[in-house]
Amino acid sequence: MTTTTQAYGEDNFGFTTEQVHAGEVVDGDVGARITPIYLTAGFVFDSFDHAQQRFAGHDGGLVYTRYANPTNTAVEAKITALERGVDSLLVASGQAAITVALLGILRSGDHFLSTPSLYEGSKTLFRENFERLGIEVEFVDDPHDIADWKRRVRPNTRAVYGETIPNPKNDLIDIGLIAEFAREEGLPFVIDSTASTPYLIRPIEHGANIVVHSASKFLSGHGASLAGVVVDGGNFDWARYPEKFPQFSTPIGGPSSPTLTEKFGNKAYLEYTRTIIAGRLGPTLSPLNAFLLQQGLETLSLRVDRHSRNSLAIATWLESQPEVTSVDYPGLASNPSHAIATKYYPRGTGSVFGFTLAGGQADARTIIDSLELFSRMSHMGDVRSLVLHPGTTSHAHLSADERYRLGIYDGLVRLSVGIEDEADLIADLELAFTKLRASRAGGAGHVAATDHAADEFYSVPEPGADDVLAVSSTVAGSPALTARFSA
Ligand SMILES: Cc1ncc(COP(=O)(O)O)c(C=O)c1O
């Protein structure tokens, strides 16, 4: 029994009320107020016949945790309500969510289009792993130019992919514009909303069809566990395109049986992805981790509000530092994405962004090594503030030219701003910049910087052991070696 007779996910309540109550089921046996951790592999059948009924899907009951589990189901219902979808599927990580979401649509021989600015782990997944499965990705040059999208559509194009707030550049896409293009072409629009969360934007309300998250980030919030989720908007008409998406229009149990869309209506995609894709490939989220995610979700709006406020304050502060050539935060009026931010993100534009130091990698090293409150980590959306140098970590497998084309300059530093006190975070950054100025004034052993982004030349030290390591793993012919560590 839920705590109210009114439905969640239908604008009856505010976001914060929904994040606490939606999906909750008060335990019938002992009255546990919070959905407990049902740490069980499977579920008992009452009899021989009961087992047969369950397997046939006749009574809708539980069979095995790889397909469904009550803890996971409660969290899925909460996320479905928050995203205004029709159904959701939890999986073991964000990468698993992206993989199963797309494999629910695509098969060997298919092609899909993507925005160019994406999480590096998604790009390598698409370019290397999907390519081995016979699925081809193509990145548009300019996501704002619909002619660019249109001229790349082929007879075998089957999906459109993008991210709400790509990091570290925060070069926002116009979701409504791309959704309209996808709808006109009869293609489902899948969007990764990890960096925005449903508190900042609900992509389904802007025409996206499927939303994925790395729930390891803001949705969980505390950096303790990995998780991923696929949300079905229920707003793509799969049955209208039987040649493109035969999995939804083929009778599932022989000629006289119903198709998936006939049986499950607007939840057909999620049913297929849950049962046939995730259920067979097996990236199940442990109910233990689902419980941690449930706890995180209950404070999502409070945290994201604070993350966004801290970020705007820090971005504004960084913009006024003479050593900083650019701050990639769309909340700033000076940012090229500010107009899109104003249109789509009235509550804030998140908290994972980059800024570029004119002094290149040497300055980035000094700043990163001088920070004390910020943890040097490959992660984001944590209550703790985090810092990373993308050029030598998440993007180290790319050539310098490729990095510069993406705006990943040697002096680019990525922050994931936490919920600590704004004054303490700025004081930490001030201390780091003071050390940077002192190291410049010292000047010993420095050579001229060649940062692509630098307007001026500064003195920088020679590259150290870390850089050599990053370069040698690329030279060794294993680009994924470094990419696999990105987050
Ligand atoms: C935007 C985005 N999507 C997906 C992922 C992958 O998530 P996970 O690490 O949970 O597999 C990440 C990881 O950083 C990410 O930033």
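pLDDT is the predictor's confidence in each residue, from 0 to 100. The legends below describe a predicted model.

**Figure 1. Confidence and overall make-up of the predicted model.**
Over residues 444–450 the pLDDT stays under 50, and the model has 15 contacts beyond four places in sequence for this segment. A further stretch with pLDDT below 50 covers residues 452–484, which has 62 contacts beyond near neighbours in sequence. Where pLDDT is low, the predicted coordinates should not be read in detail. For the protein as a whole the average pLDDT is 91, with 90% of the residues scoring at least 70. The secondary structure comprises 18 helices and 14 strands. Half of the picture is interior: 50% of the 487 residues count as buried. Among contacts with a separation of 6 or more, 72% link residues 24 or more positions apart.

**Figure 2. The open sheet of 7 strands.**
The strand order is β1-β7-β6-β5-β4-β2-β3, with mixed pairing. At the edges stand β1 and β3 (136–139); each has a single partner strand, so one side of each is left without a neighbour in the sheet. Direction ignored, neighbouring strands are turned by 20° against each other on average. The strands β1 and β7 run antiparallel and are joined by 5 bridges. One bridge pair consists of L90 and its partner V229 in β7. Helix α3 (residues 70–83) packs on this sheet, where it touches β1, β6 (210–214) and β7, and its direction makes about 130° with that of β1. Helix α7 (residues 175–185) lies across β4 (157–163) and β5 (189–192), at about 150° to β5.

**Figure 3. Backbone geometry in the loop between β4 and α7, which holds P168 and N170.**
The peptide bond from N167 to P168 is cis, with omega near 10°. In the same view, N170 has a positive phi of about 55° although it is not a glycine. Most residues other than glycine have a negative phi, and most peptide bonds are trans. N170 counts as buried because 25 C-beta neighbours lie inside 10 Å, the cut-off being 20 or more.

**Figure 4. R84 in the loop between α3 and β1.**
R84 also takes a positive phi, near 60°, in a residue other than glycine. With 19 other C-beta atoms within 10 Å, R84 is partly exposed, because a buried residue requires 20 or more.

**Figure 5. Helix α10 (residues 268–281) and its packing partners.**
The 14 residues of α10 reach 18 Å from the first C-alpha to the last, close to the 20 Å expected at 1.5 Å a residue. The helix bends by about 30° at R274. R274 is itself one of the buried residues of α10, together with A268, Y269, L270, E271, Y272, T273, I277 and A278. The buried residues pack against two strands and two helices, namely β1 (87–91), β7 (228–232), α4 (94–103) and α9 (260–264). Just after α10, G282 takes a positive phi of about 90°.

**Figure 6. The open sheet of 5 strands and the helices packed on it.**
Pairing is mixed, and the strands follow the order β8-β9-β12-β11-β10. The edge strands are β8 (324–327) and β10 (375–376), each with a single partner strand, so one side of each is left without a neighbour in the sheet. Over 3 bridges, β8 pairs with β9 (residues 352–357) in the antiparallel sense, and V327 stands opposite F355 in β9. Helix α12 (residues 300–319) lies across β8 and β9, running at about 150° to β8. Helix α14 (residues 360–370) touches β9, β10, β11 (386–388) and β12 (412–416), and its direction makes about 125° with that of β9.

**Figure 7. The surroundings of L300 in helix α12.**
L300 counts as buried because 24 C-beta neighbours lie inside 10 Å. Leaving aside neighbours within four places in sequence, L300 is in contact with Q19, T197, Y199, F218, L219 and G221. L300 and G221 are 79 residues apart in sequence, yet their C-alpha atoms are 7.6 Å apart in space.

**Figure 8. Helix α2 (residues 48–56) and the residue after it.**
The number of buried residues among the 9 of α2 is 0, so this helix lies largely in the open. Just after α2, G57 takes a positive phi of about 75°.

Definitions and conventions:
Residues numbered from 1 in each chain as written. Predicted model: local features only at pLDDT ≥ 70, side-chain atom pairs only at ≥ 80, totals over all residues. Helix = DSSP H or I, 4+ residues; strand = E, 2+ residues; numbered from the N terminus. Expected span 1.5 Å × (residues − 1). Bend = angle between axes of the 7 residues up to and from the residue. Buried ≥ 20, exposed ≤ 12 C-beta atoms within 10 Å, placed from the backbone. Contact = placed C-beta atoms within 7 Å. Pairing = 2+ DSSP bridges. Axes fitted to C-alpha atoms, helices over the stretch in contact; angles between N-to-C directions.
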